[in-house]
Amino acid sequence: MSKLEPRPRKRPLHPLPKGLVELYGLLAVLFVLVPEWMAGGALLSFSANRKGSDLPAASAVWSRLPELRLASLGVGELRQLARRLRVPGYGVLGRERLTERLIRRLKQRKALW
């Protein structure tokens with residue numbers, strides 16, 4: 001733009017009418033919250049009609065297989081365990097390599113910690 005051309009004036013922004021904002025809020029409730037509520041109720045009714053029980057968090061297999069227990073730990077917890085088991089270089093290992101070395105160490109000790 002050259003200095004001789006006048007600058008276009010900025011138009012002021014006008015707030016939305018209150019009725020329009022309330023309409024958008026009502027639509028949000030109808031299209032988002034009500035279906036979520038209905039889906040939650042449907043899931044509860046499905047689980048009530050099902051026979052049997054949910055899988056237990058800690059079963060006999062869970063305590064026998066160190067792979068399952070290690071998979072449930074975070075990286076920080078894996079490193080703490082590696083420190084207790086004196087795994088060399090545990091601080092620079094990634095999750096998968098650290099898990100492999102921990103499993104090897106646990107099997108050497110024949111321990112389930």
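The chain has five helices and zero strands. Its elements, read along the sequence, follow the pattern α-α-α-α-α. The model described here is predicted.

**The chain as a whole**

Of the 113 residues of the chain, 13% count as buried. The chain exposes about 10000 Å², and carbon and sulfur atoms supply 62% of this area. Among the contacts in the chain with a separation of 6 or more, 34% are accounted for by residues 24 or more positions apart.

**Helices α4 and α5**

How do the axes of helix α4 and α5 cross? Helix α4 comprises residues 75-84, and its axis comes within 10 Å of the axis of α5, with a crossing angle of roughly 35 degrees. The crossing of these two helices is left-handed. On the side of α4, the contact is made by V75, L78, R79, L81 and A82. On the side of α5, R95, L98, T99 and L102 take part.

L98 deserves separate attention. This leucine has its place in helix α5 and is buried, with a relative accessible area of 0%. When neighbours within four places in sequence are left aside, L98 is in contact with L78, R79, A82, Y90 and L93. The C-alpha atoms of L98 and A82 are separated by 7.9 Å, although these two residues are 16 residues apart along the chain.

The loop between α4 and α5 contains R86. Most residues other than glycine have a negative phi. R86 is not a glycine, yet its phi is positive, at about 60 degrees. With a relative accessibility of 66%, R86 counts as exposed.

**Salt bridges**

How many salt bridges does the count give? The count comes to two salt bridges. They are set out below, with the distance between nitrogen and oxygen.

| Positive residue | Negative residue | N to O distance |
|---|---|---|
| K107 | E67 | 3.7 Å |
| R97 | E100 | 3.2 Å |

The pair of K107 and E67 links distant parts of the chain, the two residues being 40 residues apart. K107 belongs to helix α5, which covers residues 95-109, while E67 belongs to helix α3, which covers residues 66-71. K107 is exposed, with a relative accessible area of 52%, whereas E67 counts as partly exposed at 32% relative accessibility.

The pair of R97 and E100 lies within helix α5. Because these residues are three residues apart in that helix, about one helical turn separates them. Both ends of this bridge are partly exposed: R97 has a relative accessibility of 39%, and E100 has a relative accessible area of 43%.

**A buried arginine**

R101 is also found in helix α5. Is this residue buried or exposed? R101 is buried, yet it has no salt bridge. The nearest side chain of opposite charge belongs to E100 and is 8.0 Å away. A salt bridge requires a side-chain nitrogen within 4 Å of a carboxyl oxygen, and therefore a separation of 8.0 Å between R101 and E100 does not qualify. Apart from its neighbours within four places in sequence, R101 is in contact with V87, P88 and L93.

**Helix α5 in summary**

Several of the features above meet in helix α5. L98, in this helix, is buried, and so is R101. The salt bridge of R97 with E100 lies within helix α5, while K107 joins this helix to E67 in helix α3.

Notes
Residues numbered from 1 in each chain as written. Predicted model: local features only at pLDDT ≥ 70, side-chain atom pairs only at ≥ 80, totals over all residues. Heavy atoms only, no water. Helix = DSSP H or I, 4+ residues; strand = E, 2+ residues; numbered from the N terminus. Buried < 20%, exposed > 50% of the residue type's maximum accessible area, 1.4 Å probe, protein only. Contact = heavy atoms within 4.5 Å. Areas by Shrake-Rupley, 256 points an atom, 1.4 Å probe, with all protein chains shown as cover. Lys, Arg positive; Asp, Glu negative; His and termini not counted. Axes fitted to C-alpha atoms, helices over the stretch in contact; angles between N-to-C directions. Left-handed = near helix turned anticlockwise from the far one by under 90°.
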